[in-house]
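Visitor: I would like to go through this model term by term. Please justify each label as we meet it.

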Amino acid sequence: MGKKSSYTNGTVRLNGQTKSSTYKRGKTVYTDYVMSPYEKQAYDYAQRSFAENLPNLNVFSDDTKRQFQKQLNAYKDKGVDTINSVYTPMINNLKTDVASRFGNLDNSSFLNELNGIEKNRSKAIGTLAQDLILKENDLVNDELSRRYNYMSFLNGISNQALSNQSAYSSLSSANSSSGNKSGSNSNIGTYIEMGLQLLKAIYG
């Protein structure tokens, strides 16, 4: 008749508090991980916020669209003011010069120079229109980048909790196995090895 095997529970404690325990009930071995209240709060928040934000990750609300338009309008107004500050004085100076020399503005010299100025101003307006398209793209990309960074942050919190769970659970399970082999859960070498494994698991 074979020798009956005994099972020794495994426990990991940190700062006097149990973080993980491995035990046997009937023929089933269980490993429980105990989150601190703060860790649980952070984990629950990350899980809840991730789920709430995911459906609308790439959807812009009316309020967000209005904010975009407000910034675009400000950018456009500044561009128009810049163009006017450059070309309006040029046109006024041309009028003054031609009027002083010819007495009126109804001459080919004035019209030719005026056409040249207007042509350059039209190019500047066209460039501003293209810049507005690029500015809108930048606003959209910046908002999406902010959202994806936030989701990555939430995912990082969740993954850290799962990583801690895996590390502590593995240690309590290993402690239980060591206890089974030695017939005692007070094996000093086991606790030293457990501590080294824990440090490696948490800090790499």
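Guide: Start with a pairing. Strand 1 and strand 2 run antiparallel, with 5 bridges between them. Bear in mind that this is a predicted model.

Visitor: What makes strand 1 and strand 2 a pair?

Guide: The bridge count. Pairing takes at least two bridges. Strand 1 and strand 2 have 5, so they pair. One position to look at is Leu14, which stands opposite Gln17 in strand 2.

Visitor: How do you know that strand 2 and strand 3 pair?

Guide: By the same test. 6 bridges join strand 2 to strand 3, in the antiparallel sense. At least two are needed, so this is a pair. Lys24 has Val29 in strand 3 as its bridge partner.

Visitor: Which residues take a positive phi in the hairpins?

Guide: In the hairpin of strand 1 and strand 2, with 2 residues between the strands, Asn15 has a phi near 55°. In the hairpin of strand 2 and strand 3, also with 2 residues between the strands, Gly26 has a phi near 65°. Asn15 takes its positive phi although it is not a glycine.

Visitor: Why is Asn15 called exposed?

Guide: Its relative accessibility is 77%. Exposed means over 50%, so Asn15 qualifies. Asn15 sits in the loop between strand 1 (10–14) and strand 2 (17–25).

Visitor: Why is Asp32 called partly exposed?

Guide: Asp32 has 31% relative accessibility. Buried is under 20% and exposed is over 50%. The value for Asp32 falls in between, so partly exposed is the label. Asp32 belongs to strand 3 (residues 28–33).

Visitor: What makes the link between Asp32 and Tyr23 a polar contact?

Guide: The side chains of Asp32 and Tyr23 come to 2.6 Å. The limit for such N or O pairs is 3.5 Å, so the distance fits. Leaving out residues up to four places away in sequence, Asp32 touches Lys19, Ser20, Ser21 and Tyr23.

Visitor: How far is Asp32 from Tyr168 in sequence and in space?

Guide: They are 136 residues apart in sequence. C-alpha to C-alpha, the distance is 9.3 Å.

Visitor: Why is Arg147 called buried?

Guide: Its relative accessible area is 14%. Buried means under 20%, so Arg147 meets the cut-off. Arg147 lies in helix 3 (residues 108–182).

Visitor: What does Arg147 touch, not counting residues up to four places away in sequence?

Guide: Asn56, Leu57, Asn58, Val59, Phe60 and Thr64. With Val59 there is a polar contact: a side-chain polar atom of Arg147 lies 2.8 Å from the backbone oxygen of Val59. Again the limit is 3.5 Å, so 2.8 Å passes.

Visitor: Which residues form the largest nonpolar core?

Guide: There are 8: Ile83, Tyr87, Ile91, Leu94, Phe110, Leu114, Ile117 and Leu128. Helix 2 (62–102) and helix 3 are the elements that give two or more residues to this core. Take Ile117. Beyond its neighbours within four places in sequence, Ile117 contacts Tyr87, Met90, Ile91 and Leu94.

Visitor: In what order do the elements run from the N terminus?

Guide: The order is β-β-β-α-α-α-α. That gives 4 helices and 3 strands.

Visitor: How many of the 204 residues are buried, as a percentage?

Guide: Buried residues make up 25%. The accessible surface of the chain is about 14100 Å², and carbon and sulfur atoms account for 52% of that surface.

Note on methods:
Residues are numbered from 1 along each chain as its sequence is written. This is a predicted model: local features need pLDDT of at least 70, side-chain atom pairs count only at pLDDT 80 or more; totals for chains, interfaces and linings use all residues. Side-chain values use heavy atoms; hydrogens and water are left out. Buried means under 20% relative accessible area, exposed over 50%, partly exposed in between (1.4 Å probe, protein chains only). Contact means heavy atoms within 4.5 Å. A polar contact is a pair of N or O atoms within 3.5 Å; within protein, one must be able to donate a hydrogen and the other to accept it, and residues adjacent in sequence count only if both atoms are side-chain atoms. A nonpolar core is a set of buried Ala, Val, Leu, Ile, Met, Phe, Trp, Tyr and Cys residues joined through side-chain atoms within 4.5 Å. Accessible areas come from the Shrake-Rupley method with a 1.4 Å probe; for residues, only the protein chains shown count as cover.
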